[in-house]
Amino acid sequence: PYLILDNEMETALKFAAQRGVDVKLILPGIPDKKAAYALAKSHYQYLTAAGVKLYEYTPGFVHSKVVEADGNIAAVGTINLDFRSLYLHYECACLIFENDVLKDITEDFHRTFADSHRITMSDYKKMNLMKRFAGRVLRVFAPQV
């Protein structure tokens with residue numbers, strides 16, 4: 001739910017999308033933390049321009065931390081894509097490979113995408129200028145958010 005990317009992770013996501021990987025991220029449509037939400041949205045412009053597909057889950061807050069690739073591998077755990085989760089908190093995930101549960105994970109993604117709104121550059125441009133500015137300022141403090 002917290003897309004607080006450092007430069008390396010943002011670059012990795014953008015490069016993957018630019019080389020043809022279908023990168024899709026599902027984020028909350030309703031935040032639980034306004035600062036983290038504004039910070040996440042500060043990445044929208046750069047990620048969508050690079051071809052990363054961003055979705056906001058419209059029914060509310062989504063808190064799952066799941067990565068699925070090609071229906072054959074997934075990671076499920078506590079890890080957010082932020083500095084604290086990746087470098088300070090030693091959060092963990094279970095790597096699932098060639099297991100029947102992968103079908104359930106993929107189906108859950110499809111159901112979640114159906115209940116989500118795809119974010120476009122036009123959506124980003126419609127965002128309140130103060131919120132966009134606040135998100136950019138918060139990047140300075142991103143490791144602490």
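A salt bridge here is a side-chain nitrogen of Lys or Arg within 4 Å of a carboxyl oxygen of Asp or Glu. Keep that cut-off at hand for the exercises below, which all concern a predicted model.

**Exercise 1.** Find out how glutamate 10 and lysine 14 are paired, and where the two residues sit.

*Solution.* Start with the distance: the closest N and O atoms of glutamate 10 and lysine 14 are 3.4 Å apart. The cut-off is 4 Å, so the pair forms a salt bridge. Next, look at the positions. Both residues belong to helix H1, and a spacing of 4 residues separates them by about one helical turn. Finally, check the surroundings of glutamate 10: its relative accessibility is 7%. Buried means under 20%, so glutamate 10 counts as buried.

**Exercise 2.** Work through the salt bridge between lysine 103 and glutamate 107 in the same way.

*Solution.* The closest N and O atoms of this pair are 3.6 Å apart. Lysine 103 and glutamate 107 both lie in helix H5, 4 residues apart, about one turn of the helix. Now take accessibility. Lysine 103 has a relative accessible area of 56% and is exposed, while glutamate 107, at 33%, counts as partly exposed.

**Exercise 3.** Trace the salt bridge between lysine 53 and aspartate 22, then see which network it belongs to.

*Solution.* First the contact: the closest N and O atoms are 2.6 Å apart. This pair links distant parts of the chain, with lysine 53 in strand E3 and aspartate 22 in the loop between H1 and E2, 31 residues apart. Both partners are partly exposed: lysine 53 has a relative accessible area of 23%, and aspartate 22 comes to 46%. Last, widen the view: Asp22, Lys24 and Lys53 are linked in a network of salt bridges. For the model, the count comes to 6 salt bridges.

**Exercise 4.** Describe the largest pocket: its space, its lining and the character of the lining residues.

*Solution.* Begin with volume: about 1,100 Å³ of space lies in the largest pocket. Its lining has 38 residues, and the closest to the centre are Lys24, Val66, Val67, Glu68 and Phe109. Then ask which elements contribute. Those giving two or more residues are helices H1 and H5 together with strands E2, E4, E5 and E7. H5 gives the most, with 6 residues. To finish, sort the lining by type: 26 residues are nonpolar, 6 are polar and 6 are charged.

Definitions and conventions
Residues numbered from 1 in each chain as written. Predicted model: local features only at pLDDT ≥ 70, side-chain atom pairs only at ≥ 80, totals over all residues. Heavy atoms only, no water. 1 Å grid on protein atoms, 1.4 Å probe; cavity = no way out; pocket = protein on both sides within 12 Å on 5 of 7 lines; lining within 4 Å. Points joined across faces, edges and corners; volume = space filled by probe spheres on them. Nonpolar A, V, L, I, M, F, W, Y, C, P; charged D, E, K, R; others polar. Buried < 20%, exposed > 50% of the residue type's maximum accessible area, 1.4 Å probe, protein only.
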